[in-house]
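Here's a quick briefing on the structure below. Have a look at the model first, then run through the points by topic.

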Amino acid sequence: MRIARFAAAGKDPAYGIIELAVDGGENPDTIAVLNNDPLAGTAVNYTGERHHLEEVRLLAPVISRSKVVGVGRNFADHAAEMGNEVPAGAPLLFLKPNTSIVGPNDPIVVPAGCDTVSFEGELAIVIGRICKEVPAERVPEVIFGYTIANDVTQRDWQAGDEQWTRAKGSDTFCPLGPWINTHFSIEEASKLGIQTRLNGDTRQDGNTSEMVRGISELVSFISSFTTLLPGDLILTGTPKGVGDMGAGDVVEIDIDGLGTLSNPVASA
């Protein structure tokens, strides 16, 4: 199931189920409207209303009520390209505020005084229920689904600040979308191709199988010290090939089975 958050002309944002046309079929892609947010803990039903997908604007599929937890240096080749080692002890974690979230086709805004920022295509885990101290074997019970994230980073701030809050937490620095896929098992989500393109040129071409710490380990570890809430996101790390993007560029991230997240880059 593919769940999206969207805006139709003259209507408030809503949630719906993406219905993709079968290859070669004549019917257009549509979105079947739901009456509630599937992550809000209330009953969810179809309203009977449908829209053609091309006639609505897709929004960030998650409005995080709490936090976005990022995992740094979780791909060995990416750690090496940045001149770093994979953390030997606990996973390297950081937080992005929910105000950094934007949706598909929303601009990534380069802050004033910065020439460039970097793209980082990543698989994002969407938490579906309140949980704490989750054993690795029970992690499937707390995952709602998966989406695509761009862990945008300002490298000068990252190096100069000696911590990553400003470098990774600025407004627009967490594009998400285009929807949440709820039907992947952890095993399936652990072998997905990730490709990032800048202005059509492939810059990252990796696979979630390359993660140093897998999905179950990450969720279990993070929940060992902080309560995870419905709509919380865990960004699982990026493959090698990260690079700078500037105003006028377009960055696209593909993950197998999750579609394409595309965002233009603009100046503040």
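Buried residues account for 53% of the chain's 268 residues. Keep in mind that this is a predicted model. On secondary structure, the chain has five helices and 19 strands.

**Overall shape and packing**
- The radius of gyration is 18 Å, and since a compact globule of 268 residues would come out near 18 Å, the chain agrees with that expectation.
- Laid along its principal axes, the C-alpha trace covers about 55 × 45 × 35 Å.
- Take the contacts with a separation of 6 or more: 70% of them in this chain are between residues 24 or more positions apart.

**Surface and charge**
- The chain has an accessible surface of about 11700 Å², and carbon and sulfur atoms supply 47% of that.
- There are 20 positive and 36 negative charges in the chain, and the mean positions of the two sets sit 5 Å apart.

**Aromatic pairs**
- A pair of aromatic rings is described by two things, the distance of the centres and the angle of the planes.
- The count here is two aromatic pairs.
- One of them is Phe221 with Phe225: the ring centres are 5.8 Å apart and the planes meet at 65 degrees, which is over the 60-degree cut-off, so this pair goes down as edge-to-face.
- Phe221 has 27% relative accessibility, so it falls in the partly exposed class, between the 20% and 50% limits.

**A look at Ser262**
- You'll find Ser262 in strand E19, which runs over residues 259-267.
- Its relative accessible area is 17%, and because the limit for buried is under 20%, Ser262 counts as buried.
- What does Ser262 touch once neighbours within four places in sequence are left aside? The answer is Pro104, Asn105, Val250, Val251 and Glu252.

**A look at Pro28**
- Pro28 is in a loop, the one joining strand E2 (14-19) to strand E3 (30-34).
- With a relative accessibility of 39%, Pro28 is classed as partly exposed.
- Not counting residues up to four places away in sequence, Pro28 is in contact with Glu19, Ala21 and His52.
- Glu19 falls within the 14-19 range of strand E2, so one of those contacts goes back to the strand leading into the loop.
- How far from Pro28 is Glu55, 27 residues apart along the chain? Their C-alpha atoms are separated by 11 Å.

Technical notes
Residues numbered from 1 in each chain as written. Predicted model: local features only at pLDDT ≥ 70, side-chain atom pairs only at ≥ 80, totals over all residues. Heavy atoms only, no water. Helix = DSSP H or I, 4+ residues; strand = E, 2+ residues; numbered from the N terminus. Rg over C-alpha atoms; globule rule 2.2 N^0.38 Å. Buried < 20%, exposed > 50% of the residue type's maximum accessible area, 1.4 Å probe, protein only. Contact = heavy atoms within 4.5 Å. Areas by Shrake-Rupley, 256 points an atom, 1.4 Å probe, with all protein chains shown as cover. Lys, Arg positive; Asp, Glu negative; His and termini not counted. Charge placed at Lys NZ, Arg CZ, Asp CG, Glu CD. Phe/Tyr/Trp six-rings, centres within 6.5 Å; stacked < 30°, edge-to-face > 60°.
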